[in-house]
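Visitor: Could you take me through one small part of this model at close range? I would like to see what surrounds a single residue.

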Amino acid sequence: MRAVLDNALRQSRDEESIAALEKALEEGDTLLRMLDAALLISRAEAGIGRDSFGAVDVAALLQDFQDMYDALAEDKGVTISVDAPPGLHIRSHREIFGQVLSNLIDNALKYGGDRIWLSARRSGETICVAVADNGPGIAEERRIEALRRFARLDASRHISGAGLGLSLASAVAHMHGGTLALGNADPGLRVTLTLPAA
């Protein structure tokens with residue numbers, strides 16, 4: 001479908017047709033992202049990828065994501081900070097866990113305020129990794145709904161998205177033998193993944 005639309009776009013000369021084809025391509029890309037996320041959730045729920053787990057330095061990973069998102073956040077007037085001591089390690093599939101962090105940061109950029117905090121700390125035999133913002137948050141009575149696949153809360157419907165980010169984060173937390181919790185950042189949302197320490 002994408003190849004056909006690309007070809008039609010190259011051959012089109014009419015401005016209205018070009019705009020319509022570009023919109024169709026954009027919708028197609030959104031659909032592909034939704035399918036990729038849904039497949040990743042299914043793989044995580046089935047435990048596929050556990051054989052590729054290795055030691056992941058959580059503080060270094062959070063710092064990498066701060067560096068990766070700094071320019072985009074600055075353009076949106078958002079500050080990202082990291083609070084994670086060295087020496088925190090989990091056994092994880094780095095790319096899958098990275099996708100979860102990416103989705104959570106994307107959500108915070110879309111729906112949060114002007115601050116995002118990435119943090120990690122040890123709690124007994126677990127590592128708690130959190131992404132928090134100072135936006136409107138999610139009301140406590142709607143948090144279970146927010147974790148469902150394709151959930152789109154009313155207040156966010158004017159912003160594009162598939163409603164799969166939190167569902168993916170929850171599935172990946174369970175894949176690691178951990179949990180995901182939505183909490184209040186006073187103000188804002190705090191998403192915490194509690195995972196076994198390596």
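Guide: Happy to. A residue is called buried when its relative accessible area is under 20%, exposed when over 50%, and partly exposed in between (1.4 Å probe, protein chains only). Residues are numbered from 1 along each chain as its sequence is written. This is a predicted model, where local features need pLDDT of at least 70, side-chain atom pairs count only at pLDDT 80 or more, and totals for chains, interfaces and linings use all residues, while side-chain values use heavy atoms and leave out hydrogens and water.

Let's look at Leu88, which has a relative accessible area of 4% and is therefore buried. Leu88 sits in the loop between β2 (79-83) and β3 (89-92); strands are DSSP runs of E, at least two residues long, numbered from the N terminus. Setting aside neighbours within four places in sequence, Leu88 has contacts (heavy atoms within 4.5 Å) with Val56, Asp57, Val58, Ala59, Ala120, Arg121, Arg122 and Ile127. As for Ala59, its C-alpha is 6.7 Å from that of Leu88, although 29 residues separate the two in sequence.

Now step into β3. Ile90 and Ser92 point to one face and are buried, whereas His89 and Arg91 point to the other and are not. In a regular strand, side chains alternate between the two faces of the sheet. β3 runs antiparallel to β1 (residues 54-57), joined to it by 4 bridges; strands pair if DSSP finds at least two bridges between them. One bridge links Ala55 with Arg91 of β3.
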